[in-house]
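I am opening a fresh page for this structure. Helix packing comes up first, then pockets.

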Amino acid sequence: MLLAAAQTTLSSDISANGAVIRRMLTDAAGQGASLICFGEGALSGYPKRYFDKPDIWADFDWAQQEAELLKIAQTCQDLQVYAVLGYARDQEPALPPRNSLIVFGPDGNRINHYDKRVLSYGESQGWYRAGQEPIVFDMNGVRVGCAICLEIQFPEIFSEYARLGTDLIIHASSELSPFFEIALQAQAGFYCQWLMSAVCADQSQAIPAGIVGPDGRWLARGTSDGKEGFALTKLDKSAPEFEIALSKARPWRAKVRAEILNQGH
């Protein structure tokens, strides 16, 4: 299975963002990718970057976003690919939206969505409201979970996914501090699973898009020149270079963690 972690241009123009996503889905599928992930707010934009106050949500064009989601769903169906991308999810108009990821299957159906559970201080000041649950979905024998931006700093998020048996975590962000690069490798290596990091292109100078293997090594990186592109690599659970991480370290660490929890330490 070929994975593609994208870095895309991000703006407050929903229609323009949707066009970028569809074009990059086509480009990645043309290179053989079967799962393409995009950054935080890839479709909706990340308004906190462009505006001073969260009352901007009162003018957000939810109908336009839905129209773009339908186009993206059709593109996934046409290309027979999975896609995960950031958007704003509005269940209750009187409250701030969720900062979310939506998962499309190769049939164009919406498989699931993930709501960011750990908000930054700024986000919690009326920009977004927090989600409550992890999500896990299965893709061709690979068990996948999702996380967003700041959550990379919270091991609790990733230990929970490890207990749920994930093989791959999709991590989407709009911008990352340089030290997050170490955290991305750590969370993958600690729990012996692949980690895809999708970012905004204009933030790639700090940390470009990339994919970390279950041994904590970077397997692929995007460019750091602020331009759109992909990090591409194959996910192969039978690859000999991951034999120690997957067949020895992963089950042993899971056993030790379970014992520690059972002892109440």
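I looked up how helix 4 and helix 5 pack in this predicted model. Their axes lie 8 Å apart and make an angle of about 85 degrees. Angles of 65 to 115 degrees count as roughly perpendicular, so helix 4 is roughly perpendicular to helix 5.

Next I asked which residues meet where helix 4 touches helix 5. From helix 4 I noted G189, F190 and Y191. From helix 5 I noted R250, R253 and R257. I sorted this contact by class: three residues are charged, two are nonpolar and one is polar.

Then I turned to the pockets. I read a volume of about 270 Å³ for the largest pocket. I found 13 residues lining the largest pocket, and the closest to its centre are S159, A162, R163, A254 and R257. Which elements give two or more residues to this lining? I listed helix 3 (155-163), helix 4 (180-191) and helix 5 (243-262). Helix 5 gives the most, with seven residues. I also split the lining of the largest pocket by class: eight nonpolar, four charged and one polar.

R257 turned up twice in my notes. It belongs to the helix 5 side of the contact with helix 4, and it is among the residues closest to the centre of the largest pocket.

Last, I checked the second largest pocket, which holds about 180 Å³ of space. I found 14 residues in its lining, with Y46, S120, C149, L150 and E175 the closest to the centre. By class, I wrote down five nonpolar, five charged and four polar residues for the second largest pocket.

Technical notes: Residues are numbered from 1 along each chain as its sequence is written. This is a predicted model: local features need pLDDT of at least 70, side-chain atom pairs count only at pLDDT 80 or more; totals for chains, interfaces and linings use all residues. Side-chain values use heavy atoms; hydrogens and water are left out. On a 1 Å grid over the protein atoms alone, a cavity is a set of points where a 1.4 Å probe fits but cannot get out, and a pocket is an open set with protein on both sides within 12 Å along at least five of seven lines; lining residues have an atom within 4 Å of a point. Grid points are joined across faces, edges and corners, and a volume is the space filled by probe spheres set on the points. Helices (H or I, at least four residues) and strands (E, at least two) are DSSP runs, numbered from the N terminus. Ala, Val, Leu, Ile, Met, Phe, Trp, Tyr, Cys and Pro count as nonpolar, Asp, Glu, Lys and Arg as charged, and the others, Gly among them, as polar. Axes are lines fitted to C-alpha atoms, for helices over the stretch in contact, and angles run from 0 to 180 degrees between N-to-C directions. Angles under 35 degrees count as roughly parallel, over 145 as roughly antiparallel, 65 to 115 as roughly perpendicular and the rest as oblique. Contact means heavy atoms within 4.5 Å.
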